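Subject: Structure handover

Hello,

Here is the structure for your files. My notes on it follow below.

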Amino acid sequence: QTEVKSEKPEGDDDRRGQKRRHSRSRSRSKDRFRRGGYDRRPQEVPENEDWLQAKTVVLDRFNCDLNMRVDDDGCKGTPISVEGFAFMWAGVRANFGLKKGKKCFEIKIKSHLNVDHLPEQEKSRHVVRIGWSTDCSSTQLGEEKFSYGYGGTAKASTDCNFKDYGKTFGEGDAVMAYIDFDNDGPIVMSYSVNGEDQ
(Lines give C-alpha, C1' and ligand atoms only; values in the text may rest on other atoms or scores of the structure.)
Protein backbone atom coordinates (compact mmCIF):
# COMPACT_ATOMS: atom_id res chain seq x y z
CA GLN A 1 0.00 0.00 0.00
CA THR A 2 1.11 3.53 -0.69
CA GLU A 3 0.02 6.48 1.35
CA VAL A 4 -0.84 9.49 -0.79
CA LYS A 5 -0.81 12.86 0.85
CA SER A 6 -2.23 15.86 -0.92
CA GLU A 7 -0.74 19.20 -0.09
CA LYS A 8 -2.56 22.44 -0.53
CA PRO A 9 -0.71 25.06 -2.59
CA GLU A 10 0.44 28.05 -0.58
CA GLY A 11 -2.05 30.87 -0.27
CA ASP A 12 -5.03 28.72 -1.28
CA ASP A 13 -7.85 28.77 1.27
CA ASP A 14 -9.80 25.65 2.03
CA ARG A 15 -12.92 26.13 -0.15
CA ARG A 16 -14.70 22.83 0.32
CA GLY A 17 -18.43 23.40 0.63
CA GLN A 18 -18.23 26.94 -0.80
CA LYS A 19 -19.90 28.02 -4.00
CA ARG A 20 -17.46 28.43 -6.86
CA ARG A 21 -16.95 31.99 -8.00
CA HIS A 22 -17.65 32.71 -11.65
CA SER A 23 -15.68 34.99 -13.88
CA ARG A 24 -17.12 38.35 -14.86
CA SER A 25 -17.73 37.18 -18.45
CA ARG A 26 -19.84 34.27 -17.23
CA SER A 27 -21.75 36.60 -14.91
CA ARG A 28 -22.43 38.92 -17.83
CA SER A 29 -23.73 35.98 -19.88
CA LYS A 30 -26.11 35.05 -17.07
CA ASP A 31 -27.32 38.64 -16.86
CA ARG A 32 -27.94 38.75 -20.61
CA PHE A 33 -29.87 35.46 -20.33
CA ARG A 34 -32.03 36.89 -17.53
CA ARG A 35 -32.66 40.11 -19.48
CA GLY A 36 -33.81 38.15 -22.53
CA GLY A 37 -30.58 38.12 -24.55
CA TYR A 38 -30.75 34.32 -24.72
CA ASP A 39 -33.84 32.18 -24.75
CA ARG A 40 -33.68 28.43 -24.18
CA ARG A 41 -37.21 27.84 -25.38
CA PRO A 42 -37.55 26.43 -28.90
CA GLN A 43 -37.99 29.18 -31.46
CA GLU A 44 -41.10 28.98 -33.59
CA VAL A 45 -40.10 28.74 -37.23
CA PRO A 46 -42.78 29.63 -39.75
CA GLU A 47 -43.59 26.50 -41.72
CA ASN A 48 -43.59 26.67 -45.49
CA GLU A 49 -46.88 25.10 -46.56
CA ASP A 50 -46.15 24.91 -50.29
CA TRP A 51 -46.35 21.11 -49.94
CA LEU A 52 -50.12 21.44 -49.44
CA GLN A 53 -50.47 22.67 -53.03
CA ALA A 54 -47.95 20.19 -54.48
CA LYS A 55 -48.86 18.79 -57.89
CA THR A 56 -45.71 16.74 -58.55
CA VAL A 57 -44.53 13.64 -56.72
CA VAL A 58 -41.37 14.25 -54.70
CA LEU A 59 -39.68 12.93 -51.57
CA ASP A 60 -41.61 14.00 -48.48
CA ARG A 61 -39.43 15.62 -45.81
CA PHE A 62 -42.37 15.36 -43.39
CA ASN A 63 -42.64 11.59 -43.88
CA CYS A 64 -39.07 10.42 -43.41
CA ASP A 65 -36.67 9.39 -40.68
CA LEU A 66 -34.85 12.11 -38.75
CA ASN A 67 -31.51 10.91 -40.11
CA MET A 68 -32.62 11.46 -43.73
CA ARG A 69 -31.99 14.82 -45.37
CA VAL A 70 -34.28 15.75 -48.26
CA ASP A 71 -33.19 18.67 -50.46
CA ASP A 72 -35.41 21.69 -51.10
CA ASP A 73 -36.88 20.47 -54.39
CA GLY A 74 -37.61 17.01 -52.93
CA CYS A 75 -35.65 15.16 -55.61
CA LYS A 76 -32.63 14.06 -53.56
CA GLY A 77 -32.40 12.20 -50.27
CA THR A 78 -29.15 11.76 -48.34
CA PRO A 79 -28.90 9.74 -45.14
CA ILE A 80 -26.67 10.98 -42.35
CA SER A 81 -23.82 8.48 -42.23
CA VAL A 82 -21.33 9.92 -39.73
CA GLU A 83 -20.34 7.90 -36.67
CA GLY A 84 -23.15 5.69 -35.31
CA PHE A 85 -25.67 6.88 -37.92
CA ALA A 86 -23.99 4.55 -40.45
CA PHE A 87 -25.58 1.60 -38.58
CA MET A 88 -29.10 3.03 -38.98
CA TRP A 89 -31.52 2.76 -41.88
CA ALA A 90 -32.86 6.09 -43.14
CA GLY A 91 -36.17 5.92 -44.99
CA VAL A 92 -38.35 8.38 -46.87
CA ARG A 93 -41.72 8.18 -48.62
CA ALA A 94 -43.17 10.16 -51.51
CA ASN A 95 -45.59 12.99 -50.83
CA PHE A 96 -48.42 11.21 -52.68
CA GLY A 97 -49.88 7.77 -52.08
CA LEU A 98 -51.91 5.62 -54.44
CA LYS A 99 -54.51 2.86 -54.36
CA LYS A 100 -55.48 2.19 -57.99
CA GLY A 101 -54.05 2.06 -61.47
CA LYS A 102 -50.52 1.24 -62.61
CA LYS A 103 -47.67 3.36 -61.27
CA CYS A 104 -43.90 3.36 -61.06
CA PHE A 105 -41.05 5.45 -59.74
CA GLU A 106 -37.30 5.36 -60.27
CA ILE A 107 -34.32 6.18 -58.09
CA LYS A 108 -30.72 6.65 -59.12
CA ILE A 109 -27.99 5.88 -56.60
CA LYS A 110 -25.65 8.80 -57.21
CA SER A 111 -22.80 7.81 -54.89
CA HIS A 112 -21.86 5.72 -51.89
CA LEU A 113 -21.25 7.76 -48.76
CA ASN A 114 -18.04 7.47 -46.76
CA VAL A 115 -18.50 4.86 -44.02
CA ASP A 116 -14.82 4.01 -43.42
CA HIS A 117 -15.47 4.21 -39.69
CA LEU A 118 -17.58 1.02 -39.79
CA PRO A 119 -15.84 -2.10 -38.45
CA GLU A 120 -14.21 -4.39 -41.00
CA GLN A 121 -16.64 -7.23 -40.27
CA GLU A 122 -19.52 -5.08 -41.60
CA LYS A 123 -19.79 -6.53 -45.12
CA SER A 124 -22.92 -4.74 -46.38
CA ARG A 125 -21.65 -1.18 -46.13
CA HIS A 126 -23.86 0.44 -48.78
CA VAL A 127 -27.36 -0.98 -48.99
CA VAL A 128 -30.39 0.68 -50.53
CA ARG A 129 -33.86 -0.82 -50.37
CA ILE A 130 -36.71 0.52 -52.48
CA GLY A 131 -40.35 -0.47 -52.77
CA TRP A 132 -43.84 0.10 -51.49
CA SER A 133 -45.53 0.36 -48.10
CA THR A 134 -48.76 1.50 -46.53
CA ASP A 135 -48.72 4.78 -44.66
CA CYS A 136 -49.31 3.01 -41.33
CA SER A 137 -46.05 1.02 -41.59
CA SER A 138 -42.65 2.36 -40.60
CA THR A 139 -40.08 3.66 -43.05
CA GLN A 140 -37.98 0.52 -42.44
CA LEU A 141 -38.99 -0.93 -45.79
CA GLY A 142 -39.62 -4.67 -45.91
CA GLU A 143 -39.53 -5.13 -42.16
CA GLU A 144 -43.29 -5.07 -41.42
CA LYS A 145 -46.51 -6.38 -42.92
CA PHE A 146 -47.68 -4.29 -45.89
CA SER A 147 -44.11 -3.11 -46.46
CA TYR A 148 -42.27 -4.52 -49.49
CA GLY A 149 -38.68 -3.84 -50.43
CA TYR A 150 -36.06 -4.85 -52.97
CA GLY A 151 -32.52 -4.39 -51.67
CA GLY A 152 -29.13 -3.91 -53.28
CA THR A 153 -28.06 -7.29 -51.89
CA ALA A 154 -30.48 -9.00 -54.36
CA LYS A 155 -33.09 -9.76 -51.70
CA ALA A 156 -36.82 -9.02 -51.63
CA SER A 157 -38.42 -8.66 -48.22
CA THR A 158 -41.68 -8.19 -46.41
CA ASP A 159 -42.39 -8.58 -42.70
CA CYS A 160 -38.64 -9.34 -42.19
CA ASN A 161 -38.86 -12.39 -44.47
CA PHE A 162 -36.07 -12.22 -47.06
CA LYS A 163 -35.79 -14.19 -50.29
CA ASP A 164 -33.46 -14.10 -53.29
CA TYR A 165 -34.71 -11.72 -55.96
CA GLY A 166 -33.12 -10.09 -58.98
CA LYS A 167 -29.52 -8.95 -59.05
CA THR A 168 -27.41 -6.73 -56.83
CA PHE A 169 -27.33 -2.98 -57.45
CA GLY A 170 -25.41 -0.02 -56.09
CA GLU A 171 -23.61 3.19 -56.99
CA GLY A 172 -24.55 4.50 -60.44
CA ASP A 173 -27.54 2.18 -60.91
CA ALA A 174 -31.10 3.29 -61.66
CA VAL A 175 -33.77 1.12 -60.02
CA MET A 176 -37.44 1.33 -60.94
CA ALA A 177 -40.33 0.01 -58.84
CA TYR A 178 -43.67 -0.86 -60.51
CA ILE A 179 -47.06 -1.58 -59.01
CA ASP A 180 -50.21 -2.80 -60.74
CA PHE A 181 -53.53 -2.54 -58.89
CA ASP A 182 -55.53 -3.30 -62.06
CA ASN A 183 -54.32 -6.87 -62.34
CA ASP A 184 -57.04 -9.50 -61.88
CA GLY A 185 -56.16 -11.08 -58.56
CA PRO A 186 -53.42 -9.90 -56.20
CA ILE A 187 -51.57 -6.62 -56.60
CA VAL A 188 -48.41 -7.12 -58.67
CA MET A 189 -45.11 -5.44 -57.74
CA SER A 190 -41.98 -5.69 -59.87
CA TYR A 191 -38.60 -3.99 -60.29
CA SER A 192 -36.03 -3.21 -62.93
CA VAL A 193 -32.34 -2.29 -62.68
CA ASN A 194 -31.00 -0.05 -65.44
CA GLY A 195 -34.02 -0.96 -67.56
CA GLU A 196 -33.63 -4.72 -67.08
CA ASP A 197 -36.64 -6.51 -65.56
CA GLN A 198 -35.79 -8.39 -62.38
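Which residue takes a positive phi in the hairpin of E11 and E12? Asn194 does, with a phi near 50 degrees, and the hairpin has 2 residues between its strands. Please keep in mind that this is a predicted model.

Overall make-up

The chain has 1 helix and 12 strands. Read from the N terminus, the helix comes ahead of the strands, in the order α-β-β-β-β-β-β-β-β-β-β-β-β. Of the 198 residues, 23% count as buried. The accessible surface of the chain is about 15,800 Å², and carbon and sulfur atoms account for 49% of that area. Where contacts join residues at least 6 apart in sequence, 46% of them link residues at least 24 apart.

The sheet around the hairpin

The hairpin strands belong to an open sheet of 4 strands, ordered E5-E10-E11-E12 and paired antiparallel. Strand E5 (102-108) and strand E12 (196-197) each have a single partner strand and stand at the edges, so each has one side without a neighbour in the sheet. E10 and E11 run antiparallel and are joined by 6 bridges. Strand E11 (residues 188-193) pairs with E12 over 2 bridges, also in the antiparallel sense. Ser192 can be followed across both pairings: Met176 stands opposite Ser192 in E11, and Ser192 in turn stands opposite Asp197 in E12.

The largest nonpolar core

The largest nonpolar core has 12 residues: Ile109, Ile130, Trp132, Tyr150, Ala156, Tyr165, Phe169, Val175, Ala177, Ile179, Tyr191 and Val193. Strand E6 (129-133), strand E10 (174-180) and E11 are the elements that give two or more residues to this core. E10 gives the most, with 3 residues. As a general point, nonpolar side chains tend to be buried together in soluble globular proteins.

Two members of the core can be described further. Val193 touches Tyr150, Lys167, Phe169, Asp173, Ala174, Val175 and Gln198, leaving aside residues up to four places away in sequence. Among these contacts, Tyr150, Phe169 and Val175 are themselves listed in the core. The other member, Trp132, is placed in strand E6. Trp132 counts as buried because its relative accessibility is 12%, and the cut-off for buried is under 20%. From Trp132 to Arg93 the separation is 39 residues in sequence and 8.8 Å in space, C-alpha to C-alpha.

A buried serine

Ser147 lies in strand E7 (residues 147-151). With a relative accessibility of 1%, Ser147 counts as buried. Not counting residues up to four places away in sequence, Ser147 touches Trp132, Ser133, Ser137, Gln140, Leu141, Gly142, Ser157, Thr158 and Asp159. Trp132 is thus a contact of Ser147 and also a member of the core.

A nonpolar patch on the surface

Is Phe87 buried or exposed? Phe87 counts as exposed, because its relative accessibility is 53% and the cut-off for exposed is over 50%. Phe87 is placed in the loop between strand E3 (77-79) and strand E4 (92-94). Together with Val82, Phe85 and Met88, Phe87 makes a nonpolar surface patch of about 400 Å².

Regards

Technical notes:
Residues numbered from 1 in each chain as written. Predicted model: local features only at pLDDT ≥ 70, side-chain atom pairs only at ≥ 80, totals over all residues. Heavy atoms only, no water. Pairing = 2+ DSSP bridges. Core = buried A, V, L, I, M, F, W, Y, C linked by side-chain atoms within 4.5 Å. Buried < 20%, exposed > 50% of the residue type's maximum accessible area, 1.4 Å probe, protein only. Contact = heavy atoms within 4.5 Å. Areas by Shrake-Rupley, 256 points an atom, 1.4 Å probe, with all protein chains shown as cover. Patch = residues over 30% accessible without salt bridge, like charges linked within 9 Å, V, L, I, M, F, W, Y side chains within 5 Å. Salt bridge = Lys/Arg side-chain N within 4 Å of Asp/Glu carboxyl O.
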